[in-house]
Amino acid sequence: MEVVIVPDARAGGELIAEAMAQLLRRKPDAVLGVATGSTPLPVYEALAAKVRSGGVDASRARIAQLDEYVGLPADHPESYRSVLGRQVLQPLGLGPGAFMGPDGRAADIPAACAAYEETLEKAGGVDLQLLGIGTDGHIGFNEPCSSLASRTRIKTLTEQTRVDNARFFDGDIEQVPHHVITQGIGTILAARHVVLLATGAGKADAVAASVEGPVAAVCPASALQLHPHATVVVDEAAAAELKLADYFRHTFAAKPDWQGI
């Protein structure tokens with residue numbers, strides 16, 4: 001696992017966007033796995049700026065959804081399909097045909113989960129999966145004690161996650177669904193490159209547990225230690241509890257530019 005400490009969220013967004021751009025230059029039809037929430041916004045903004053400037057062509061990129069609420073209509077403004085349309089597809093100039101995601105309104109949710117796994121497999125798998133991290137260490141909506149081998153499935157959100165997400169529903173937790181479809185930890189680990197972005201002091205404990213703690217289901221993000229190409233990008237605030245922070249700064253500073261992340 002590579003840990004990169006950046007000055008702020010904007011620098012982290014630029015670093016990851018450049019990694020995505022380099023991937024698209026090598027493989028124009030790459031599958032980009034995307035997450036929602038406020039944390040990844042600097043990544044999407046930086047990548048869209050590169051597209052507008054002609055620095056990269058994203059017209060053949062394919063976008064894979066990490067998770068989705070169960071029960072929200074696809075056109076609900078807070079369905080993740082709608083959010084990603086606004087934050088990723090439209091800014092990159094991509095149409096609905098470039099998007100892959102599970103059906104949160106399906107009558108048969110387990111079948112919808114299996115169908116999404118099949119869709120990802122037929123697409124050739126995810127080339128780069130972007131992740132955030134919850135204050136309890138969750139990735140996607142794999143809450144603590146999720147199976148480290150899990151695949152796409154329905155999950156029940158913890159009360160803390162619903163509290164955290166209420167800000168997207170006018171601060172009203174009663175509007176936040178109780179269930180989601182999420183890629184499982186095993187599904188996430190199948191991506192060829194996994195990049196986790198964490199910013200802010202509120203994520204410091206979760207980052208430290210994920211990077212320097214044991215691999216344990218109680219901290220789902222710790223499973224990234226098992227991945228052959230996992231990159232954790234954190235700002236100074238989110239790095240505050242890392243015991244090896246100085247080492248991580250040194251190793252990245254000494255890294256050849258051609259290697260990227």
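At what angle do the axes of helix α1 (residues 9–26) and helix α2 (residues 41–53) cross, and within what distance do they come? In this predicted model, the two axes cross at roughly 50° and come within 7 Å. The points below describe that helix pair and then turn to two cysteines, Cys 145 and Cys 219.

**Helices α1 and α2**

- Because an angle of roughly 50° falls neither under 35 degrees nor in the range 65 to 115, α1 and α2 are oblique to each other.
- The crossing in which α1 passes α2 is right-handed.
- On the side of α1, the residues that meet α2 are Ala 9, Arg 10, Gly 13, Glu 14, Ile 16, Ala 17, Glu 18, Met 20 and Ala 21, while α2 contributes Pro 42, Val 43, Ala 46, Leu 47 and Lys 50 to this meeting.
- Sorted by character, the residues of the contact between α1 and α2 comprise nine that are nonpolar, one that is polar and four that are charged.

**Cysteines and disulfides**

- The count of disulfides in the model comes to zero, and Cys 145 accordingly is in no disulfide, with the nearest cysteine sulfur, that of Cys 219, lying 11 Å away.
- A disulfide calls for a pair of cysteine sulfur atoms within 2.5 Å, so the sulfur of Cys 219, at 11 Å from the closest cysteine sulfur, in Cys 145, is too far for a bond.
- The surroundings of the two residues can also be stated: Cys 145 is exposed, with a relative accessible area of 59%, whereas Cys 219 counts as buried, at 9% relative accessibility.

Definitions and conventions: Residues are numbered from 1 along each chain as its sequence is written. This is a predicted model: local features need pLDDT of at least 70, side-chain atom pairs count only at pLDDT 80 or more; totals for chains, interfaces and linings use all residues. Side-chain values use heavy atoms; hydrogens and water are left out. Buried means under 20% relative accessible area, exposed over 50%, partly exposed in between (1.4 Å probe, protein chains only). Axes are lines fitted to C-alpha atoms, for helices over the stretch in contact, and angles run from 0 to 180 degrees between N-to-C directions. Helices (H or I, at least four residues) and strands (E, at least two) are DSSP runs, numbered from the N terminus. Angles under 35 degrees count as roughly parallel, over 145 as roughly antiparallel, 65 to 115 as roughly perpendicular and the rest as oblique. A crossing is left-handed if the near helix is turned anticlockwise from the far one by less than a right angle, and right-handed if clockwise. Contact means heavy atoms within 4.5 Å. Ala, Val, Leu, Ile, Met, Phe, Trp, Tyr, Cys and Pro count as nonpolar, Asp, Glu, Lys and Arg as charged, and the others, Gly among them, as polar.
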